[in-house]
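Colleague: I am new to reading structures. Could we go through this one step by step?

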Amino acid sequence: MHPPALVEALLECSSAPTSASTTRLTALARSNNPRFWDSKIRSEQWVDNAGRPFSITFPAIIEPAGKHSKLDPYFSLPTLKQPVIKDVRTVKAQFQLRTLDDSFPREAVVCSKKAANTLLYLASNCEKIRDGDKREVIPFMRSAGNSLMDELHFVVHSDALFPEATESRGDLVPEFSLEDFENTDFSLTGDVLNDKFTSKKPSFGDGGDSAKGIHDWTLKDLKDPQGHFKTVIDLYKLEKVPVTVPNVRDAAGSLIHPSAYSEHFTKAMPVAAEVVMHLWTFAPDNKRPTGSRIYQTTLKSLRLLPVTGPGSHIAAMPVGAQAEPKGKRKADGPAGQGSPAKKSSGQQKGVGGTGV
């Protein structure tokens with residue numbers, strides 16, 4: 001018997017406007033789908049009848065110890081080789097989810113399984129058209145074991161955590177003001193310029209770690225038990241690269257900093273997720289000589305559902321809006337205790353739809 005608060009949250013998620021269902025499937029654009037939608041992204045994306053990214057909301061069980069989960073401290077960063085700068089720039093958190101079992105309310109179970117069916121349907125339709133190119137196909141749903149009999153799971157990626165990571169160059173023009181212009185008491189050498197005329201802007205954390213908001217963290221602030229972040233920071237001078245905070249929240253609606261995922265996701269737990277779907281097509285390479293086509297679910301929002309307490313018409317904060325990166329909005333507390341989300345007009349209360 002599940003607690004009333006969880007049952008209420010599951011039913012709310014399953015009845016949201018974007019919840020996975022036969023009705024939701026009718027919102028898909030019937031032609032040219034998937035398509036290139038965002039010029040900044042090199043993947044195709046499924047869109048709805050209005051030309052916007054098509055998303056589905058569904059309840060599931062997160063499995064933090066699963067084969068496909070990649071949480072803190074290092075997320076998807078390669079740790080068995082020296083990472084190149086692209087490896088750092090594309091680091092993501094990755095969550096393994098499974099469908100609900102029959103112990104949960106019927107409506108929630110159906111929504112969870114319709115989410116899996118949606119992904120299978122989209123990939124199947126796409127392959128009917130594109131299978132002739134003989135590329136290797138990596139599907140949306142993936143096995144968590146080594147047998148064809150093993151259950152398939154959702155593999156959900158966050159957006160990049162360090163998208164501003166770029167290799168620093170030694171020949172960058174230093175900051176040079178009119179005040180510096182009046183100074184003629186120095187030798188004109190590169191090391192003197194770098195020492196005297198580097199940026200005067202204060203960096204995040206100048207006031208001490210206790211002053212950091214959830215959006216103020218940089219790469220050097222993350223837990224680094226094996227020194228992998230130190231390696232890339234030293235190699236590419238990335239100490240000031242900000243950490244993007246995905247829209248992942250606890251049961252109270254507070255943002256969870258990526259560095260604290262393993263503290264919140266401690267075992268298999270019920271969550272509400274909203275995802276969009278991408279398709280990546282790659283040319284042949286040494287690893288995949290016929291090329292590849294990768295189906296990917298990308299996180300729009302993820303929220304832990306309450307597992308204790310009575311049903312109380314759950315006042316879940318709307319979390320559909322993308323969390324602001326870097327330090328644009330201060331949190332009320334340190335990382336892992338994110339600021340309460342502001343309710344915006346038109347957003348639905350609850351754990352479903354744009355308010356997962």
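Modeller: Gladly. Keep in mind that this is a predicted model. We begin with a strand.

Colleague: Is strand S6 largely enclosed or largely exposed?

Modeller: Strand S6 covers residues 152-157. Five of its six residues are buried. Therefore the rest of the structure surrounds S6, and the strand is largely enclosed.

Colleague: In which sense do S3 and S6 pair, and which residue of S6 stands opposite Leu97?

Modeller: Strand S3 spans residues 94-98. Four bridges link S3 and S6, in the antiparallel sense. Opposite Leu97, in S6, stands Phe154.

Colleague: How many bridges pair S5 with S6, and which residue of S6 stands opposite Arg142?

Modeller: Strand S5 is residues 142-143. S5 and S6 pair in the antiparallel sense, over two bridges. Arg142 has an opposite residue in S6, namely His153.

Colleague: Do S6 and S9 run parallel or antiparallel, and which residue of S9 stands opposite His157?

Modeller: Strand S9 takes in residues 292-304. Two bridges join S9 to S6, and these strands run parallel. The residue of S9 opposite His157 is Thr298.

Colleague: Now the cysteines. How many disulfides does the structure hold?

Modeller: A disulfide is a covalent bond between the sulfur atoms of two cysteines. To count here, the two sulfurs must lie within 2.5 Å. The number of disulfides in this structure is zero.

Colleague: Why is Cys111 in no bond with Cys13, and how far apart are their sulfurs?

Modeller: Cys13 is in no disulfide, and its nearest cysteine sulfur belongs to Cys111. For Cys111, the closest cysteine sulfur is that of Cys13. The sulfurs are too far apart for a bond, because the distance is 5.5 Å.

Colleague: Are Cys13 and Cys111 buried or exposed?

Modeller: Buried means under 20% relative accessible area. Cys13 has 0%, so Cys13 passes. Cys111 has 2%, so Cys111 is also buried.

Colleague: Next, a helix. How wide is the arc that holds the buried residues of H7?

Modeller: Helix H7 runs over residues 228-236, and its buried residues are His228, Phe229, Val232, Ile233 and Tyr236. Look down the axis of H7: these buried residues line one face, because they fall within an arc of 135°.

Colleague: Which helix do the buried residues of H7 pack against?

Modeller: We have just met these residues, Phe229 and Val232 among them. Their packing partner covers residues 85-89. That partner is helix H3.

Colleague: Which residue just after H7 takes a positive phi?

Modeller: H7 covers residues 228-236. Just after H7, phi is positive, at about 55°. The residue is Lys237.

Methods. Residues are numbered from 1 along each chain as its sequence is written. This is a predicted model: local features need pLDDT of at least 70, side-chain atom pairs count only at pLDDT 80 or more; totals for chains, interfaces and linings use all residues. Side-chain values use heavy atoms; hydrogens and water are left out. Buried means under 20% relative accessible area, exposed over 50%, partly exposed in between (1.4 Å probe, protein chains only). Two strands pair if DSSP finds at least two bridges between them. The arc is that of the directions from the helix axis to the C-beta atoms. Contact means heavy atoms within 4.5 Å.
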